[in-house]
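User: Got a model I'd like to talk through with you. Can we start with the domains and then move on to the chains?
Analyst: Sure, put it up and we'll go through it.

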Amino acid sequence: MIRKLLAAALLLGVAALAVFWWLTAPAALSESQRASLTEGDAAAGEAVFWAGGCGSCHAEKSAKGDAKKLLGGGHRLDTPAGVFVTPNISPDSETGIGGWTLDQFANAMWNGVSPAGRHYYPSFPYASYVRMTGEDISNLFAYLQTLEPVSRASEPHELPLPLKLHRGIGLWKLAFLDAAPVMTGIGEDETLLRGRYLVEGPGHCGECHTPRTAFGFGGMDKSRWLGGGAAPEGDGKIPNITPHDKGLGSWSAGDIASYLETGFTPEFDSVGGSMVSVQENMARLTKEDRAAIAAYLKAIPPVGD
Amino acid sequence: MGRNCPAIEQTRLAAPAVPREYDMKKLVIASILTATLTAGAALAASHGGDDPIATRKNGMQGVGLAMGALAGMAKGEVPFNDKQALAALKTMNYVFTTFGAHFPEGSDMGANTTAAPKIWEDMEGFMAAIDKAKMDTAAAIEAAPASAEALGPILGSVGGNCKSCHEAFRVSN
């Protein structure tokens with residue numbers, strides 16, 4: 001009897017493991033994803049690079065100007081989950097992504113899967129990049145290949161044991177990875193749609209400005225979209241950027257666009273903390289793109305306390 | 001001379017229509033600067049007082065107001081005025097001259113301070129950042145900007161100092 005029970009338990013365990021393994025398998029590019037990739041225009045990719053803010057995490061901390069294009073990684077993100085160390089994404093063929101194909105790059109950006117078929121941790125904001133167009137991904141890849149290679153081996157993240165089991169990220173993706181736009185009810189206005197794409201896709205604003213579900217370990221809480229919350233790194237809070245009294249309610253769209261361009265609030269306080277690097281990326285966008293972001297931020301639902 | 005030259009007389013009579021608007025703008029600048037200097041005075045009054053958090057907040061507010069006055073002129077929202085530009089720069093410079101004295105040990109604990117712990121971990125770096133802001137505003141005072149265009153690069157360097165110091169040494173609350 002006991003032997004039978006043990007055998008049944010073992011069988012169940014194996015079955016559960018098999019289901020887990022099947023559910024959490026890292027994805028490959030889908031047919032439709034691959035079909036949307038294009039030739040890749042490096043010059044057009046520079047705008048995507050600034051919109052995506054690659055240099056804010058993959059260049060040296062507080063890098064300014066062209067130093068932001070040296071993408072050797074090594075930037076330590078000290079979060080409650082552990083320390084994530086950003087990898088080298090410069091076009092160095094030994095230590096960076098110089099040897100990657102466009103398919104491999106696209107699979108990383110959209111599906112969060114490495115060329116070796118492993119899940120990336122969602123500290124790499126593919127949960128936003130999943131909304132990027134194939135054209136932008138292709139242009140960005142072409143642009144990254146034109147930058148200066150940096151020879152610097154990537155380091156492992158410093159995480160507690162349960163989080164080292166990266167296969168579990170497959171479950172996280174099942175629950176939280178979704179290519180659909182967040183704000184579906186903003187109409188068909190072209191400026192708003194462009195703003196939505198920039199904020200929800202490459203700009204990945206929600207990754208910090210939206211609180212997370214599941215005690216901070218889940219996905220972005222879409223019911224409190226861009227409502228602010230605890231800072232993912234270190235002390236302090238990330239501000240609410242919805243049109244609420246506690247957020248940007250008193251700012252005009254022009255104020256928001258001007259802040260993104262100059263780094264100064266309507267009261268002439270300056271941008272601070274990790275937003276400095278982001279703002280300096282936004283300053284490189286076209287005036288129209290900054291205006292589109294501002295229009296979107298004024299159009300989304302206000303989030304209160 | 002006026003009696004013999006009606007054209008000039010007329011110009012003089014017609015003139016007030018334009019200056020009225022100009023006076024309004026002047027008033028706006030003047031009130032901004034008054035606020036700025038009040039903030040500076042508040043800083044001076046509380047220098048060495050027992051509330052360093054309030055003191056440094058007043059100082060930063062004064063810098064912000066001065067920055068607003070300069071940016072308004074640079075953007076052409078208010079007319080350029082060399083004396084007022086200089087006064088704004090001097091206000092900033094004055095705040096930076098004493099600013100470093102208001103961060104004693106333990107003053108990171110206030111309920112509403114946004115001073116980052118990094119200030120006390122890297123006091124040397126923090127003081128160097130303040131010193132740079134002081135030197136750059138001193139250089140701008142020395143250069144005595146004579147046009148709105150001349151304010152552009154000054155705002156670039158001064159504004160860059162605001163951002164880099166707030167990047168490293170301030171937390172958002």
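**Domains and chain contacts**

User: How far apart are the centres of domain 1 and domain 2 of chain A?
Analyst: Taken over C-alpha atoms, the centres of domain 1 of chain A and domain 2 of chain A are 22 Å apart. Keep in mind that this is a predicted model.

User: Where does the domain assignment put the two domains of chain A?
Analyst: The assignment gives 32–179 as domain 1 and 186–305 as domain 2 of chain A.

User: And how many residues of each are in contact?
Analyst: Domain 1 of chain A brings 21 residues to the contact, and domain 2 of chain A brings 20.

User: Which elements give two or more residues on the domain 1 side?
Analyst: In chain A those are α3 (42–52), β1 (76–79), α6 (126–129) and α9 (169–176). The most comes from α3(A), with five residues.

User: What's the nonpolar, polar and charged split on that side of domain 1?
Analyst: The side of domain 1 of chain A that touches domain 2 of chain A has 13 nonpolar, five polar and three charged residues.

User: OK, switching to the chains. How many residues does each put into the contact between chain A and chain B?
Analyst: Chain A puts in 16 residues and chain B puts in 16 residues.

User: Which elements of chain B supply at least two residues there?
Analyst: Both α3 (52–74) and α7 (148–169) of chain B do. With six residues, α7(B) gives the most to the side of chain B that touches chain A.

User: And what kinds of residues make up that side of chain B?
Analyst: Seven nonpolar, six polar and three charged residues make up the side of chain B that touches chain A.

Notes:
Residues numbered from 1 in each chain as written. Chains lettered and ligands numbered in written order. Predicted model: local features only at pLDDT ≥ 70, side-chain atom pairs only at ≥ 80, totals over all residues. Domains from an automatic or database assignment. Contact = placed C-beta atoms within 7 Å. Helix = DSSP H or I, 4+ residues; strand = E, 2+ residues; numbered from the N terminus. Nonpolar A, V, L, I, M, F, W, Y, C, P; charged D, E, K, R; others polar.
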